[in-house]
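Below is a note for a colleague who has not yet looked at this model. The points are numbered and can be checked one by one against the structure.

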Amino acid sequence: MLDQYGRTIDYLRISITDRCNLRCVYCMPPEGVSCMSHEAILRYEEIEAICQAMAVQGLKHIKITGGEPLVRKGCSHLIRSLKNISGIETVTLTTNGILLEEMAEQLVHAGVDGINISLDTLDAKEYAQITRGGDINKVLRGLETILRHPNVTVKINCVLDENWEQTACLLAELAVKMPVHVRFIEHMPIGLGGDKEVRLQDQVKKTLENVYGPAKVAEKPMGFGPSVYYRFENFQGKIGFISAISHKFCGNCNRVRLTADGKLRLCLQSEDSIDLKTILRSDRKTELVSVIKEAIWQKPREHNFDQKQIEAKSMAQIGG
Ligand code: SAM
Ligand code: SF4
């Protein structure tokens, strides 16, 4: 799929639910976001139909996200069926890890290619505070369980906050001890995260280099997204950065997003979207391929976080 700026779009992030079993302070209010009704949410067959319509146009990589994707029943079945679509090369998942220990086996059997676990600290008390009650031990057990499957690429995603220097070093240490890649994500001004201070990539990298020695840019790019990766001596995993603020990557953007209620969002920041659910549930179904093609062509050139054009929507509704 091509847009008018010459970018090839081959990556789709699908939010399969707006519900979550945590309430991270920068993502959701304590009471949660108002949950969509079952009728409002895309059925799995509808998600498959959209992916099929995109796969014939060049979609290759799919990320399942949420809300928390593992709280929606049948997530593994969806992964299995998406993997079976001709042209789809990878299906990966982003999770908070709370349910991972119990679901790891079925996800692996379904053919999941990679699992990203969100973990902003290794301190149990701090984790409970950030997530409003989450038990970090469940996440760590989930991590341990999924690491028994070396065919699955495991990444830790971390948005740094207080005590960030110490936290960054402790999390990086995971990539010393285990074959996991640890990525630091710059906080974006979306939803409740609007006024949070951003820990910039260069600050974090410098802190890690002071402790672990010089970082070398990883020879082979990993994954299909905007991360840059570095190698540190004696690390099993790599250290990555996703820096939408300090290293704007819009020029190479390869992705679009599908919200749980069936809206195709062309840019993380912009509210502009195309309602694919309505098309799917109407007699215009046959137009799906051409509607998607036209929408992708219109993908905005770039985000404008620096101009503080903040959309009210929570990351849990967009899918991160
Ligand atoms: N519940 C799953 C999880 O936590 O991984 C998937 C959905 S969550 C919205 C996806 C990612 O978005 C998480 O890694 C979370 O830390 C990140 N996120 C949420 N709000 C953010 C913000 N304002 N800026 C940057 N990342 C954010
Ligand atoms: Fe839930 Fe993920 Fe948002 Fe945390 S970041 S509240 S786990 S959706």
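**Notes on the model**

1. Leaving aside residues up to four places away in sequence, Thr131 touches Leu22, Arg23 and Cys24. The model is a predicted one. Thr131 belongs to helix H4. Its relative accessible area is 3%, so Thr131 counts as buried, the cut-off being under 20%. The side chain of Thr131 also has a polar atom 2.9 Å from the backbone nitrogen of Gly134.

2. Two of the residues that Thr131 touches, Leu22 and Cys24, also appear around ligand 2. The other residues around ligand 2 are Cys20, Cys27, Met28, Gly67, Asn96 and Ala316. By type, the shell of ligand 2 holds 6 nonpolar and 2 polar residues, with no charged residue.

3. Gly67 is listed around ligand 2 and is also one of the closest residues to ligand 1. Ligand 1 is surrounded by 16 residues, and the closest also include Tyr26, Thr94, Ser118 and Met188. This shell is made up of 5 nonpolar, 9 polar and 2 charged residues. The shell of ligand 2, by contrast, has no charged residue.

4. Which atoms of ligand 1 lie 2.9 Å from Tyr26 and from Gly67? For Tyr26 it is an oxygen atom of the ligand, facing an N or O atom of the side chain. For Gly67 it is a nitrogen atom of the ligand, and the partner is a polar backbone atom. A nitrogen atom of ligand 1 also lies 3.2 Å from an N or O atom in the side chain of Glu68. On its own, ligand 1 has 550 Å² of accessible area, and the protein covers 94% of that.

5. The strands form an open sheet of 12 with mixed pairing, in the order E7-E8-E9-E6-E5-E4-E3-E2-E1-E10-E11-E12. Its edge strands are E7 (216-217) and E12 (273-275), each of which pairs on one side only.

6. Strand E2 (residues 61-65) sits between E3 and E1 in that order. With strand E1 (residues 11-15), E2 pairs in the parallel sense over 5 bridges, and Leu12 stands opposite Ile62. With strand E3 (residues 90-95), E2 also runs parallel, joined by 4 bridges. There the bridge partner of Ile64 is Leu93.

7. Is E2 mostly covered or mostly open? Mostly covered: 5 of its 5 residues are buried. In a regular strand the side chains alternate between the two faces of the sheet. In E2, His61, Lys63 and Thr65 are on one side and Ile62 and Ile64 on the other, and all of them are buried. A reader should note that Lys63 is among these buried residues.

8. Helix H5 covers residues 136-146, and its buried residues are Ile136, Val139, Gly142, Leu143, Thr145 and Ile146. An α-helix has 3.6 residues a turn, so residues three or four places apart point the same way. The buried residues of H5 pack against helix H3 (100-110), helix H4 (124-131), strand E4 (114-118) and strand E5 (153-158). At the N-terminal end, H5 is capped by Asp135, with a side-chain oxygen 2.9 Å from the backbone nitrogen of Asn137.

9. Two residues that are not glycine have a positive phi and may be worth a look: Arg132, at about 55°, and Asn234, at about 70°. Arg132 is in the loop between H4 and H5. Its relative accessible area is 34%, so Arg132 is partly exposed. Asn234 is in the loop between strand E8 (228-231) and E9. With a relative accessible area of 67%, Asn234 is exposed.

10. Is a loop residue such as Ala244 buried or exposed? Ala244 lies in the loop between strand E9 (239-242) and strand E10 (255-258). It is buried, because its relative accessible area is 3%. Ala244 and Glu186 are 58 residues apart in sequence, while their C-alpha atoms are 6.6 Å apart in space.

Terms used: Residues are numbered from 1 along each chain as its sequence is written. Chains are lettered from A and ligands numbered from 1 in the order in which they are written. This is a predicted model: local features need pLDDT of at least 70, side-chain atom pairs count only at pLDDT 80 or more; totals for chains, interfaces and linings use all residues. Side-chain values use heavy atoms; hydrogens and water are left out. Buried means under 20% relative accessible area, exposed over 50%, partly exposed in between (1.4 Å probe, protein chains only). Helices (H or I, at least four residues) and strands (E, at least two) are DSSP runs, numbered from the N terminus. Contact means heavy atoms within 4.5 Å. A polar contact is a pair of N or O atoms within 3.5 Å; within protein, one must be able to donate a hydrogen and the other to accept it, and residues adjacent in sequence count only if both atoms are side-chain atoms. A residue is near a molecule or strand if one of its heavy atoms lies within 4 Å of it. Ala, Val, Leu, Ile, Met, Phe, Trp, Tyr, Cys and Pro count as nonpolar, Asp, Glu, Lys and Arg as charged, and the others, Gly among them, as polar. Accessible areas come from the Shrake-Rupley method with a 1.4 Å probe; for residues, only the protein chains shown count as cover. Two strands pair if DSSP finds at least two bridges between them.
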